[in-house]
Amino acid sequence: MHFTPSESANAVTNFMGTAFLLALLGGFLSDAFFTTYQIYLISAVIQFLGLVILTVQAQSGSLKPPKCDLNMPCHQVHGAQAAMLFIGLYLVALGVGGIKGSLPTHGAEQFDGNTPQGRKQRSTFFNYFVFSLACGALIAVTFVVWIEDNKGWQWGFGISTLTILLSIPIFLGGSRFYKNKIPLGSPLTTISKVLIASLLNTCMARSSSNAIASMSTSPTPNEEEITTRNTPKNNTPSTSEDQELQDTTIVSESPSQSLKFLNRSVINKPAFDVLKCSVQQLEEVKIVIKILPIFACTIILNACLAQLSTFSVQQAATMDTKLGTLKVPPASLPVFPVVFIMIIAPLYDHVIIPFARRATKSETGVTHLQRIGVGLVLSILAMAVAALVEIKRKRVATETGRAGSEGPLPISFLWIGFQYLFLGSADLFSLAGLLEFFFTEAPFSMRSLATSLSWASLAMGYYLSTVIVSVVNGVTGVSKHKAWLSGSNLNDYHLERFYWLMCLLSGLNFLHYLFWARKYKYRSTATN
């Protein structure tokens with residue numbers, strides 16, 4: 001489409017960030033108006049339509065700008081052609097977001113959360129969900145990329161189109177066995193109502209006669225209604241799901257003492273009837289607020305992960321990328337973290353976790369927050385290793401007199417594999433841990449939306465990485481000093497300083513995480 005490299009990079013970043021953020025929309029709709037089953041099917045169809053548009057455009061010469069040659073300068077795609085491109089891309093982003101916002105929750109809901117065996121199976125599901133994502137990524141960055149480079153983009157898009165189309169009947173094949181949680185209304189309405197009610201009741205002076213609680217009124221459907229509406233098509237009651245719902249809806253007659261400022265939403269008569277809140281709604285909002293600091297602490301980690309597709313690839317491009325007689329394209333380097341995830345995920349589930357369960361004599365072996373914490377520590381080590389590898393790479397460039405050259409240096413690109421190993425491991429521990437943590441701890445009526453925060457963290461990490469790079473160049477490039485991340489080639493950069501900065505930020509972020517993780521009290525005694 002003849003975009004410049006910087007415009008292409010921005011387009012990719014915007015597409016990835018949008019797809020991950022739209023997972024919040026998919027999660028919200030799954031909780032509020034539709035089931036996760038319905039959202040997945042709708043999203044898969046939307047993604048299919050987007051891929052069809054991209055395939056048709058890639059196939060038809062009239063829908064693309066003309067090829068560049070000596071007699072014809074390059075013209076960037078514009079007008080109707082650009083509109084078709086971006087409609088296709090963002091339909092795909094919308095579909096991807098909906099699938100990510102619904103599919104993890106749909107899968108986890110199939111397991112009985114009230115039995116130790118069910119909880120163990122649910123933990124395994126999240127682990128292998130990330131493993132499956134890695135399998136798909138491996139096929140994408142190897143086979144599909146090879147097809148696109150050698151056969152044409154239309155073939156690559158065509159394979160993706162066929163894949164998502166085949167996933168629909170495969171998913172439908174299990175319909176009669178699925179347990180589907182019915183939507184219980186907008187979680188954002190509940191959150192807004194509690195926050196506004198507590199704020200208004202704080203600001204407005206109420207007489208003592210109005211200091212009564214509306215603690216028994218709840219808009220949540222009663223037990224009989226929930227059981228009836230959750231009964232599968234074969235009319236067999238889903239008792240485990242009903243019991244789990246009862247466990248999450250039966251609350252104390254008085255509000256808890258945590259986040260006491262929110263208790264004003266129920267201890268005073270509301271200024272408006274529409275703001276009347278129940279204790280259950282109050283406690284659900286408290287849970288959501290308590291998990292937000294954990295979510296915020298993972299954004300820096302994902303900013304580190306963003307380096308996998310940017311500076312790490314550029315580093316490898318200046319190194320010797322030969323493996324025997326095979327020359328590895330630098331753009332295929334994401335294979336490293338993907339392969340590491342595929343190796344570590346089964347090892348974690350079948351070796352590490354059973355050993356941890358025996359050692360700690362606990363059901364989980366490793367708690368969700370401990371798993372996320374391991375991911376944060378690995379990201380710190382990854383940035384430190386990346387800085388050391390960059391120092392070695394630049395030393396080789398200086399010693400061989402190639403600091404000003406763009407040719408490959410006599411150092412193997414496999415050195416980059418070390419930072420990929422740590423970052424890939426960090427991604428596995430943090431993403432699977434976050435998905436399970438948010439699903440387990442979130443209120444029953446907000447599970448899909450809360451689980452989608454895992455993907456929102458990825459999006460914000462990508463955006464934050466761009467901001468950090470801009471800020472670093474702006475601060476270090478003042479006066480007569482040269483910006484760290486600028487120069488005629490990568491050897492002129494002070495990339496090692498940037499990596500040390502990311503290592504420092506990650507370390508401070510980990511201390512911040514420890515503060516909130518130590519304060520957090522699990523809702524589930526089994527997890528605790």
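Let me start inside one helix of this predicted model, with a pair of charged residues, Glu390 and Arg393, both of which are buried. Their side chains meet in a salt bridge, with 2.9 Å from N to O, and the two residues sit three positions apart in helix α14, which is about one turn of the helix.

With that pair in mind, let me step back to the whole chain. It has 528 residues, of which 48% are buried, and its secondary structure comes to 18 helices and four strands. If we take the contacts in the chain with a separation of 6 or more, 82% of them are between residues 24 or more positions apart. The chain exposes about 25100 Å², and carbon and sulfur atoms supply 66% of that area.

Now to the interior. In soluble globular proteins, nonpolar side chains tend to be buried together. In this model the largest nonpolar core has 86 residues, and the ones with the most contacts inside it are Leu369, Phe437, Phe498 and Tyr513. Which helix gives the most to this core? That is helix α14, residues 368–399, with 14 residues. A second, separate core has 19 residues, among them Phe15, Tyr37, Ala44 and Ile99.

Let me look at Leu369 in more detail, leaving aside its neighbours within four places in sequence: Leu369 is in contact with Ile294, Phe437, Tyr513, Ala517, Tyr520 and Tyr522. If we turn to Ile294, we find ourselves in helix α10, at a residue that is buried, with a relative accessible area of 0%. Not counting residues up to four places away in sequence, Ile294 touches Leu369, Ile372, Phe437, Tyr513, Trp516 and Ala517. For one of these partners, Trp516, the separation from Ile294 is 222 residues in sequence, while the C-alpha atoms are 6.9 Å apart in space.

Helix α10, residues 279–297, also holds a charged pair, Glu283 and Lys286, which are three residues apart and therefore separated by about one helical turn. They form a salt bridge whose closest N and O atoms are 3.7 Å apart. Are these two residues buried or exposed? Glu283 has a relative accessible area of 17% and counts as buried, and Lys286 is buried too, with a value of 0%.

A search of the whole structure finds five salt bridges, and I would like to show you one more of them, in which the side chains of Arg119 and Glu363 meet at 2.7 Å, N to O. Arg119 lies in helix α4, residues 116–150, and Glu363 in the loop between α13 and α14, so this pair ties together parts that are 244 residues apart in sequence. Arg119 and Glu363 are both buried.

That loop brings me to a last residue, Lys361, which lies between α13, residues 335–360, and α14. What is the sign of phi at Lys361? The angle is near 55°, a positive value in a residue other than glycine. As background, most residues other than glycine have a negative phi. Lys361 is exposed, with a relative accessible area of 74%, whereas Glu363, in the loop between α13 and α14, is buried.

How values were computed:
Residues numbered from 1 in each chain as written. Predicted model: local features only at pLDDT ≥ 70, side-chain atom pairs only at ≥ 80, totals over all residues. Heavy atoms only, no water. Buried < 20%, exposed > 50% of the residue type's maximum accessible area, 1.4 Å probe, protein only. Contact = heavy atoms within 4.5 Å. Areas by Shrake-Rupley, 256 points an atom, 1.4 Å probe, with all protein chains shown as cover. Core = buried A, V, L, I, M, F, W, Y, C linked by side-chain atoms within 4.5 Å. Salt bridge = Lys/Arg side-chain N within 4 Å of Asp/Glu carboxyl O.
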